[in-house]
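Trainee: Please take one part of this model and go through it slowly, strand by strand. Add a short word on a pocket at the end.

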Amino acid sequence: MSDQEIQKQVRVATSLSRALEIIGESWTMLILKEGFNGTRQFGEFQKNLNIPKQTLAERLTYLCENELLYKRPISAKKASLQYAMTAKALDLYNVMYSVWLWHEAHRAQIDVLPFDLIHTSCGKVLGATFRCRHCQQPATPDSVTFQPSDPPQEAHESRLKRRKGAAVTAGKSSSDKGAIAASLVGDAPSNEILFHLLRQPLNLQNLSRQTGLNANVLRERIERLEALDLIDSTQVGRRIEYAAKERANGFFPLLISLAEWGDRWCNHANPPPEMRLHSCQELLNANYFCDHCDGRIEPRNIRVQPRSASICQA
């Protein structure tokens with residue numbers, strides 16, 4: 001089947017694809033990450049991210065238009081404005097914690113985190129497990145099943161198909177394995193590919209059918225994911241089949257959190273395009289719980305604390 005024939009087929013929507021239509025871009029996610037760390041002013045965003053001013057202005061405008069940020073005066077005496085996060089943006093907290101926890105789990109390779117997250121309820125540096133709220137058991141690729149809505153919802157025409165030459169990361173070297181989560185979290189095609197491969201092995205044709213990505217984009221991202229040791233390939237008959245490696249399981253909470261955020265904010269008053277069932281047979285409603293005190297992790301009980309220079313190495 002040709003690329004053109006695959007693209008003509010109706011693609012079933014997923015909650016993740018709906019979310020990625022809004023935030024599936026590298027600079028967008030990095031700006032939101034800075035917002036979670038307390039950055040509010042244009043100059044601070046520009047300095048911390050080393051982002052071109054025009055690009056930053058465009059992304060901030062985009063985030064305001066999509067109601068993730070809003071402008072407000074710094075004070076009654078200053079005419080300048082700052083960018084504050086809306087409830088819609090703050091609801092991405094599990095996504096941001098997922099990025100931090102993935103890097104924390106792989107510090108033995110390279111430490112790229114300039115700060116610690118402190119769980120104020122117990123005073124410990126954050127260590128957490130993504131669990132089902134009903135049974136308190138971990139939510140993993142093996143414990144979650146997906147059921148499309150009946151009838152299935154058709155996926156929107158998204159920008160994913162048009163990102164043939166899009167950079168996988170904003171300002172990161174392709175050889176920098178230490179920044180894997182930061183590299184991939186804002187790259188929509190990579191997220192889509194990992195999401196499907198964590199559920200089941202697929203060949204290139206089936207991946208294209210399910211993600212709506214053309215073969216060139218798929219091959220580029222697959223090469224990147226293989227180089228990062230997140231997926232591998234196996235010859236099955238005349239075709240190559242791709243599967244997520246165990247190392248990629250740490251991205252599952254991030255992808256599920258994005259999907260749940262998509263259900264809450266990106267369906268335009270429609271029901272979710274899919275149901276996610278945990279092995280306890282309840283609808284999945286997952287959250288991070290502290291490994292030290294077993295308390296639920298929420299923005300109100302997390303504090304950002306700079307990591308000492310002796311511990312954090314660029």
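Mentor: What follows describes one sheet and then one pocket. This is a predicted model, in which local features need pLDDT of at least 70 and side-chain atom pairs pLDDT 80 or more, while totals for chains, interfaces and linings use all residues. Residues are numbered from 1 along each chain as its sequence is written, and side-chain values use heavy atoms, without hydrogens or water.

The sheet is open and antiparallel, with three strands in the order β7-β9-β8. Strands (E, at least two residues) and helices (H or I, at least four) are DSSP runs numbered from the N terminus; two strands pair if DSSP finds at least two bridges between them. β7 (202-203) and β8 (231-236) are the edge strands; each has a single partner, so one side of each lacks a neighbour in the sheet. β7 is joined by two bridges to β9, residues 239-244, and the two run antiparallel. Within that pairing, N203 lies opposite E241 of β9. Helix α11 (residues 215-227) packs on the sheet and touches β8 and β9, where contact means heavy atoms within 4.5 Å. The direction of α11 makes about 115° with that of β8; axes are lines fitted to C-alpha atoms, for helices over the stretch in contact, with angles from 0 to 180 degrees between N-to-C directions.

Now the second largest pocket. At least two lining residues come from each of α7 (93-105), β5 (128-132) and α12 (252-265). The most, four residues, come from α7. A pocket is an open set of points on a 1 Å grid over the protein atoms alone, where a 1.4 Å probe fits, with protein on both sides within 12 Å along at least five of seven lines; lining residues have an atom within 4 Å of a point.
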